[in-house]
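Colleague: I have not seen this one before. Can you take me through it?
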Amino acid sequence: MATSKLKFLVVKAHPHDFTHCAGTLGIHTSLGDEVTLVTVTGGAFIHNEELEDELRKPKEEQNLDIINQAADNYEEQKASELRDAASIFGITDIRILSGNEPFKKSENRDIIEQLAEIVLEIRPDVLITQSPYINDTGPHGLTSASDIDDHVQTAYAVADALYLAASPRPGSKVPPHRIPPQAQFYPGVYFNRRDWDFSVDITDWFEQRVEAENMFKSQGHYEAFSRKRIEIAAGAAGWATGTGYAEGFVRATAELLPKISLSEYTVRAATESPLETHKRMVGE
Ligand SMILES: [Zn+2]
């Protein structure tokens, strides 16, 4: 019953957000699976570290090219960084929607409609999107009442779009499409590691993750920073699971399985000696 090739729909708030699961997507495109990558905004109002840097300088030292850069130019730069970074992982179907920023579900009804149209067009098997849960945002386990997080608002918009796409529309000739909750995943970066359901071994994609990180010049990224970030972030995920580098995921709901089965990695963990594990983790 399982289809051999999967269609992935990835919906994120901003261009850089896809990188958190990029290694996993690279694995899938190289297996022949299809990936459509959507950002609900162009990211014009976030992570403009270059601009912040200039604004902090005394007026006479400011680079006017950066100070006077129009939001459109910054967005175009981000779009081209996204296309370059995504192509490293074999992703060419990229849709950058023009949601208002800060992104709020309630102010972007048109984006919800566009997302629903994309779901009906692509008819994806798998969805990877922003987490609708706010993790550790306040002291004493309290969650924030703020609604200005683009990522969480994107998750809410996606939920609405999935509802629309799954409902037969009067007058429409297009059959509804449903992505079951069991096929919906959130990148682990939005959660504590102990809450992850699984992680994907991206050891063979480490250099590509560094390269992609380095492409987001608009966000102030450069080689040493990019390498450090991926070494720490994907490295810590790998360390926790006995491999070089990994990307964690949380499922939207528990999966229904025909039986318990073990992955080849789990079987290996039972037979490998600790020294063999250490050597494998550092690529020896
Ligand atoms: Zn973001």
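Colleague: Start with the largest pocket. How do the residues of its lining divide into nonpolar, polar and charged?
Modeller: Bear in mind that this is a predicted model. The lining of the largest pocket has 20 nonpolar, 12 polar and 10 charged residues.
Colleague: And how much space lies in that pocket?
Modeller: About 1600 Å³. Of the 42 lining residues, Phe185, Phe198, Val200, Arg251 and Glu255 are the closest to the centre of the pocket.
Colleague: Which helix gives the largest share of the lining?
Modeller: H9, with 5 residues. Elements that each supply at least two residues include helix H10 (274–281), strand S4 (126–129), strand S6 (198–201) and strand S7 (246–251). H1 is also one of them.
Colleague: Changing topic. What are the protein donors of the zinc ion?
Modeller: His14 through ND1, Asp17 through OD, counted twice, and His151 through NE2. These donors lie 2.1 to 2.5 Å from the zinc ion.
Colleague: What is the spacing of the donors along the chain?
Modeller: The spacing reads H-x2-D-x133-H. His14 is in the loop between strand S1 (7–12) and helix H1 (22–30), while His151 is in helix H6 (residues 150–166), so the two tie together parts that are 137 residues apart in sequence.
Colleague: Is the site regular or irregular?
Modeller: Irregular, with angles of 54 to 138 degrees among the 4 donor atoms.
Colleague: Back to His14. Buried or exposed?
Modeller: His14 is buried, because its relative accessible area is 2% and buried means under 20%.

Methods: Residues numbered from 1 in each chain as written. Predicted model: local features only at pLDDT ≥ 70, side-chain atom pairs only at ≥ 80, totals over all residues. Heavy atoms only, no water. Donors = N, O, S within 2.8 Å, 3.2 Å for Na, K, Ca; no water. Tetrahedral: all angles 85-135°; square planar, octahedral: opposite > 155°, others 65-115°. Helix = DSSP H or I, 4+ residues; strand = E, 2+ residues; numbered from the N terminus. Buried < 20%, exposed > 50% of the residue type's maximum accessible area, 1.4 Å probe, protein only. 1 Å grid on protein atoms, 1.4 Å probe; cavity = no way out; pocket = protein on both sides within 12 Å on 5 of 7 lines; lining within 4 Å. Points joined across faces, edges and corners; volume = space filled by probe spheres on them. Nonpolar A, V, L, I, M, F, W, Y, C, P; charged D, E, K, R; others polar.
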